[in-house]
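Reader: Could you take me on a close tour of one part of this model, the place where the ligand and the metal come together? I would love a connected account rather than a list.

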Amino acid sequence: ISVLLGLFVGVLTTLASGYILNMRLQPGREILSGIKRNQFYVVWQPVVESGKLRVTGAEALLRWKHPQAGAIPPDAFIGYAEAQDLIVPLTRHLFKLIAADATTLQTVLPPGAKLGVNIAPGHMHAPSFKDDVLRFLASLPHGYFQLVFEITERDMLKETEAASLFDWIHQQGIEIAIDDFGTGHSALIYLEKFTLDFLKIDRGFINAIGTETVTSPVLDAVLTLANKLNMTTVAEGVETPEQAKWLRARGVNYLQGYLFSYPLTVRELVIWQRNRVLPEE
Ligand code: C2E
Ligand code: MG
Ligand code: MG
Ligand code: MG
């Protein structure tokens with residue numbers, strides 16, 4: 001039976017990936033109809049402070065529950081959405097999904113909790129960006145959450161003209177994080193040029209902690225740099241207690257990863273928070 005099951009799963013997987021390949025021909029239409037048919041949803045991954053491990057916020061991550069292909073991860077559609085000029089409708093939809101979760105989120109997250117939202121550069125440069133953001137802000141419970149826009153280091157590099165846009169974002173009371181730090185081709189110059197609030201260290205560096213006898217010299221340099229620039233640091237992809245301990249000892253401020261929680265729907269998040277046992281102080 002397990003062989004048959006294996007075969008069945010194998011065939012399904014092949015069909016699914018075939019479907020995803022086919023989608024490359026018309027991903028645009030698929031995304032738009034996916035929005036209309038409510039196939040996108042948001043999962044939340046808690047972020048904890050590294051000392052007492054209390055939850056201080058969560059990152060919104062988009063999911064696509066495709067009727068044929070199943071759960072499609074964001075890496076497989078965000079790029080298409082950008083290329084097809086669909087990132088604006090998709091992000092507007094994301095904003096609505098986030099706003100719909102907000103009331104329940106308030107029962108889980110403390111006042112001032114940070115909500116991380118990934119922003120694609122294609123949207124930042126769209127003419128409607130400021131209006132979209134203002135509408136999003138107005139749709140959230142007034143003054144409860146602190147929004148943090150996450151922009152990847154790779155995208156940040158293209159943002160030579162972004163200084164005034166970043167200023168505008170800050171004027172709206174929104175913070176900015178440089179995401180996946182360490183995977184771009186060094187945006188060091190931008191760290192001085194822009195005021196960035198958070199530095200999210202890519203999980204590639206976190207992975208290596210505890211598996212190697214020597215710490216990555218790059219990670220070491222990144223932590224020293226963040227410290228010198230007075231930036232608040234977040235480690236993503238924390239999977240083991242050893243990694244958490246190491247990062248805490250090195251002064252990393254916030255931790256995020258499977259060790260604490262997988263990304264969860266808002267309902268699952270409520271249950272997770274209720275059942276959570278914090279270590280004794
Ligand atoms: P990201 O912003 O760096 O998000 C973190 C990714 O790492 C998420 O993958 C998350 O599920 C995964 N992750 C978290 N903890 C762990 C861990 O302990 N171990 C491992 N192996 N992985 C972990 P996900 O949800 O597949 O998202 C991938 C990327 O897609 C995100 O990377 C982000 O750049 C992009 N993305 C996701 N949602 C959105 C969105 O709404 N808008 C835009 N523009 N991009 C999005
Ligand atoms: Mg992110
Ligand atoms: Mg990240
Ligand atoms: Mg990442």
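Author: Happily! Let me begin with a term: a pocket here is an open set of grid points where a 1.4 Å probe fits, with protein on both sides within 12 Å along at least five of seven lines, and a molecule sits in one if more than half of its atoms lie within 2 Å of its grid points. In this predicted model, ligand 1 sits in the largest pocket. The elements giving two or more residues to its shell are β2 (55-66) and β6 (175-181), and β2 supplies the largest share, four residues.

Around ligand 1 there are 22 residues, of which Arg63, Asp180, Arg203, Glu239 and Tyr258 come nearest. Polar atoms meet here too. Side-chain N or O atoms lie 2.9 Å from an oxygen atom of ligand 1 in the case of Asn118, 2.9 Å in the case of Asp180, and 3.5 Å for Asp75. Taken alone, ligand 1 exposes 810 Å², and the protein buries 87% of that.

Asp180 also leads us to the metal. Together with Asp179 and Glu236, Asp180 is a protein donor of the magnesium ion (ligand 3), at distances of 1.8 to 2.7 Å. Along the sequence, these donor residues follow the spacing D-D-x55-E. The neighbouring Asp179 has a further role to look at: Asp179 bridges the magnesium ion (ligand 3) and the magnesium ion (ligand 2), and these two ions lie 3.6 Å apart. Both Asp179 and Asp180 are buried.

Notes:
Residues are numbered from 1 along each chain as its sequence is written. Chains are lettered from A and ligands numbered from 1 in the order in which they are written. This is a predicted model: local features need pLDDT of at least 70, side-chain atom pairs count only at pLDDT 80 or more; totals for chains, interfaces and linings use all residues. Side-chain values use heavy atoms; hydrogens and water are left out. Donors are N, O and S atoms within 2.8 Å of the metal (3.2 Å for Na, K and Ca); water is not among the atoms, so sites may look incomplete. Buried means under 20% relative accessible area, exposed over 50%, partly exposed in between (1.4 Å probe, protein chains only). A residue is near a molecule or strand if one of its heavy atoms lies within 4 Å of it. A polar contact is a pair of N or O atoms within 3.5 Å; within protein, one must be able to donate a hydrogen and the other to accept it, and residues adjacent in sequence count only if both atoms are side-chain atoms. Accessible areas come from the Shrake-Rupley method with a 1.4 Å probe; for residues, only the protein chains shown count as cover. On a 1 Å grid over the protein atoms alone, a cavity is a set of points where a 1.4 Å probe fits but cannot get out, and a pocket is an open set with protein on both sides within 12 Å along at least five of seven lines; lining residues have an atom within 4 Å of a point.
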